[in-house]
Amino acid sequence: MIKYQETLKNIHTQLGHGGDLPVFSATLNRIQELSRSPESDAMVLAMAVMKDANLSAKLLRIANTPEFNRGMGNVTVISRAVVLLGFNRIKNLCISLKLIESFTEAYPDSNIEKLLLRAFLNASMARELAAKAGVRDIEETFLCGLLFNLGEIIIASTMPAVYQEMCAARVAGEKSWSSIQLSTLGGQFSDIGQDLAQSWGFPPSVVKTMDEMTAEESDHLIHKQHLLVSFSHTLIEKIYGELSHEQSIEQLSTALRDDFSLQDQDVESCFEDACKLSANMVEEYGIDLQGLVPVMQETGEPRLDECIRRTAYFFHSRNQLVESEHTGVKAPKRRDESSGKQLYFLNRLAELTAEKGSAHDILSLVIEGIKACTSYERVMFCLYRQSPPMLSMKIAEGDSLESLEQFFTPQRKESDLRLFYHVIKKEMTLLVSDLNEPGWKERLPAAFIKEVGPSGMVIAPVVIRGKAIGLFYADRVDKPLEDKDFTCFNQFVIQSKIALSHKA
């Protein structure tokens, strides 16, 4: 018990330092796109969120806090969490999460990407089984499958060195995986997942489904849900050689026939569909497919061996389809170099916040980061004074800054700055990707267009605890702005507000 409490304490300490669990950065980008699109609805955004186990856990945890869930009952599905929290809040929450690429670079042997991919595969399998079994709420079953192995994901994320030692011990084969968990952590992954999920306010259906004992002691629906999710998890672990389960595939399938009237062909069909869904996600998000390719092996179970062979063939075949159009050679995945730069500056910003750096140092680092990580040619911070209203440039990076400095001065007429004052008052970010689009030149101050002359620009007010202190401005002179640059700009703005809030 003492060792288990030490494990929990270590986890909470690491989560406190790191902020959050890693998620696929492409998930964040997709959510950014959806949250800006007027055609997106809550279910579309929920589907994007559910492709990532950690992000789903984060949003459910927040949706069940008293601040957002005031006597509305437990939020058990992501679509309801999206409606409750709102698009903008979800977008801002997502930005604060770590990028999974940064974690795999820091801990290349942590297996976190593999665990998250298989969490999605498990959730997809459980959902397909639930649909065939006639379960009413298949979305909740999907969520239970996604978070079923939360404990192992937590350990891999927060205690990577310990997790690597555990994996090495499993490969050695001297102890069972369950014994290794107990001796190393003082408890099982399911215990850790349940404790954290419960402390984060997850619904009982998700918490109780994580463990066989609590599921058996719960009502009929939770017990049935656990059977579907644990079957999916066990099957996947056996296929990928991660688990030597005492029950064979035939024995596991017999339980599904008895409880859900699901036949062998139903199970095979569900797994094939789950593999297709997972492959689609891998291709959509540019993640390495290798984490879903099982190692060919002889297990002594003919049906399992056949399943491993078909799974390996499927994912290898899908891998070969991702080829260059002309040469027939697979196009290599390219890591976005700007992500590494962005992470570097965001980490520096986090360190500066922890060290209680000055507001000037925080703002200077943000300006430097935006300039380094985007194609914006000029980036600046203007200080705002309310009475009389005034904007003056204080920190800037880029070429040809003289026109900006001359425009944003205390001597500037109020009418020339009215648009900027309006942005601050409304606390809204203004993005003008291309000033040549109809209507913009008529709406913007004529003196600003003539003297500053941007082709595209973005303005973001900085309001800390109700007090406006200034605004960030970035532009390009030679061509319109790109969407990816705005996403980066917005991330820095939000993180700067968090850092400045700690000083207020």
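# Exercises on a predicted model

In this predicted model, six bridges join strand E1 (residues 378-385) to strand E5 (residues 467-476), and the two strands run antiparallel. The exercises start from this pair.

## Exercise 1: The sheet

Work out the strand order of the open sheet and name its edge strands.

Solution.

1. Take the pair E1 and E5 and find one matched position: Met-380 has Tyr-473 in E5 as its bridge partner.
2. Look at the other neighbour of E1. Eight bridges join E1 to E2, again antiparallel. Val-379 has Glu-397 in E2 as its bridge partner.
3. Continue from E5. E4 and E5 pair in the antiparallel sense over nine bridges, and Pro-461 stands opposite Leu-471 in E5.
4. Add the remaining strand. E3 and E4 pair in the antiparallel sense over three bridges; the partner of Leu-431 in E4 is Val-458.
5. Put the pairs in a row. The open sheet of five strands has the order E2-E1-E5-E4-E3, with antiparallel pairing.
6. Read off the ends. Strand E2 (390-398) and strand E3 (430-432) are the edge strands, since each pairs on one side only. From one strand to the next the twist averages 15°.

## Exercise 2: Helices on the sheet

Find which strands are touched by helix H21 and which strands helix H23 lies across.

Solution.

1. Start with helix H21 (residues 359-373). This helix packs on the sheet and touches E1, E2 and E5.
2. Compare directions: the direction of H21 makes about 55° with that of E2.
3. Turn to helix H23 (residues 418-426), which lies across E1, E2, E3, strand E4 (456-464) and E5. Helix H23 runs at about 45° to E4.

## Exercise 3: The surroundings of E4

Decide whether E4 is largely enclosed or largely open.

Solution.

1. Sort the residues by the way they point. Gly-456, Val-458, Ala-460, Val-462 and Ile-464 point one way from E4. Met-457, Ile-459, Pro-461 and Val-463 point the other way.
2. Check burial, for which the cut-off is under 20% relative accessible area. The residues on both sides of E4 are all buried.
3. Conclude: nine of the nine residues of E4 are buried, so the strand is largely enclosed by the rest of the structure.

## Exercise 4: Turns and unusual backbone angles

Locate the cis peptide bond and two residues other than glycine with positive phi.

Solution.

1. Go to the link between E1 and E2, a hairpin through four residues. Pro-388 lies in this loop. A cis peptide bond joins Ser-387 and Pro-388, with omega about -10°.
2. Go to the link between E4 and E5, a hairpin with two residues between the strands. Arg-465 in the turn has a positive phi of about 50°.
3. Test Arg-465 for exposure, which requires over 50% relative accessibility. Its value is 63%, so Arg-465 counts as exposed.
4. Go to the loop between helix H17 (249-260) and helix H18 (264-285), where Ser-261 is placed. Phi of Ser-261 is near 60°, a positive value. At 54% relative accessibility, Ser-261 also counts as exposed.

## Exercise 5: Cores

Identify the residues with the most contacts inside the largest nonpolar core, and the helix that gives the most to this core.

Solution.

1. The largest nonpolar core has 92 residues. Those with the most contacts inside it are Met-125, Leu-129, Phe-202 and Phe-271.
2. Helix H8 (residues 112-133) gives the most to this core, with 12 residues.
3. A second, separate core has 28 residues, among them Leu-349, Ile-362, Leu-365 and Ala-474.
4. Follow one residue of the largest core. Beyond four places in sequence, Leu-129 touches Leu-228, Phe-231, Ser-232, Leu-256, Leu-262, Val-267 and Cys-270.

## Exercise 6: Cavities

Name the elements that give two or more residues to the lining of the largest cavity.

Solution.

1. The structure holds three cavities of 30 Å³ or more; the largest has a volume of about 150 Å³.
2. This cavity is lined by 17 residues, and the closest to its centre are Leu-115, Arg-118, Asn-149, His-233 and Glu-237.
3. The elements are H8, helix H9 (138-147), helix H10 (150-158), helix H11 (160-172) and helix H16 (220-239).
4. Among these, H8 gives the most to the lining, with five residues.

Methods
Residues numbered from 1 in each chain as written. Predicted model: local features only at pLDDT ≥ 70, side-chain atom pairs only at ≥ 80, totals over all residues. Heavy atoms only, no water. Core = buried A, V, L, I, M, F, W, Y, C linked by side-chain atoms within 4.5 Å. Buried < 20%, exposed > 50% of the residue type's maximum accessible area, 1.4 Å probe, protein only. Contact = heavy atoms within 4.5 Å. Pairing = 2+ DSSP bridges. Axes fitted to C-alpha atoms, helices over the stretch in contact; angles between N-to-C directions. 1 Å grid on protein atoms, 1.4 Å probe; cavity = no way out; pocket = protein on both sides within 12 Å on 5 of 7 lines; lining within 4 Å. Points joined across faces, edges and corners; volume = space filled by probe spheres on them.
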